[in-house]
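Biologist: I would like a close look at a single part of this protein, set against the whole chain. Could you take me through it in one connected answer?

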Amino acid sequence: IGANSLAPAATTVVYSIAPPFLNFSTMLFNHSVFLTENNFNEDSLDDFLRHQVVKECWRKNSNNEYVLVTNEDVEDWDLYKRKEVAREILHKIAGKGFAYGAFCEEKVVGYILVSNEFFGSSDQYLELLLYHVSETYRRRGIGKRLFKLACKTAKEIGARKLYISAHSSKESQAAYQKLGCIEAAEINQVIAKNEPYDVQMESIL
């Protein structure tokens, strides 16, 4: 997935395997273009607030059942980390994935990044790589809309499921379950080993 995608027509976004980049104005979708190095750069996340306070996480007990346990942590990205993530998005959309982003007043307030590399017993999966909404813009439906758009594009390019290595925090799991995600039917052992405390999930497209 990359720069060789079809360009959008005058009022209709037309794409083969690259998605539109969504622009929020007064928190409504009103414009869409492809996410490329021309409309997204390593400075695009400089004002993004990635902040999450975690108090409880889901862990498997001796009976292989998920239970909530105390696990306090604070995730707060500094400028270096935000630029690192922006560079990762740029790298992926150059040929190994697609992304949607939400804008408000020219600032990125949400984004979702999906790999275009299929895996699974019948190549049914594409992996959701990154998915965040800036702290001050949460609970406004932005994440839900971005997720739906990513699922739609993944399905259009041949995936049957979206694979998610999801944070095990109480809040993150509640959010993914609200989107209809369930435990993955097949576990990608490489992904699971890289994030041993994540919950391996899927969304059926």
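Modeller: In this predicted model, the residue to begin with is Gly158, which follows helix H2 and has a positive phi, near 115 degrees. Helix H2 itself runs over residues 142-156, and at 1.5 Å a residue its 15 residues should span 21 Å, which agrees with the 21 Å that separates its end C-alpha atoms. Turning to its side chains and their surroundings, the residues of H2 that count as buried, each with under 20% relative accessible area, are Ile142, Gly143, Leu146, Phe147, Ala150, Cys151, Thr153 and Ala154. These buried residues lie on the same side of H2, because they cover an arc of only 165 degrees around the axis. On the face of H2 that is turned away from this buried side, the exposed residues are Lys148 and Lys155.

As for the setting, the protein has four helices and ten strands, and from the N terminus on its elements run β-β-β-β-α-β-β-β-α-β-α-β-α-β. Of the 205 residues of the protein, 45% count as buried, while the accessible surface comes to about 11,200 Å², with 49% of that surface belonging to carbon and sulfur atoms. Among the contacts in the protein with a separation of 6 or more, 60% are accounted for by residues 24 or more positions apart.

Terms used: Residues are numbered from 1 along each chain as its sequence is written. This is a predicted model: local features need pLDDT of at least 70, side-chain atom pairs count only at pLDDT 80 or more; totals for chains, interfaces and linings use all residues. Side-chain values use heavy atoms; hydrogens and water are left out. Helices (H or I, at least four residues) and strands (E, at least two) are DSSP runs, numbered from the N terminus. The expected span of a helix is 1.5 Å times one less than its number of residues. Buried means under 20% relative accessible area, exposed over 50%, partly exposed in between (1.4 Å probe, protein chains only). The arc is that of the directions from the helix axis to the C-beta atoms. Contact means heavy atoms within 4.5 Å. Accessible areas come from the Shrake-Rupley method with a 1.4 Å probe; for residues, only the protein chains shown count as cover.
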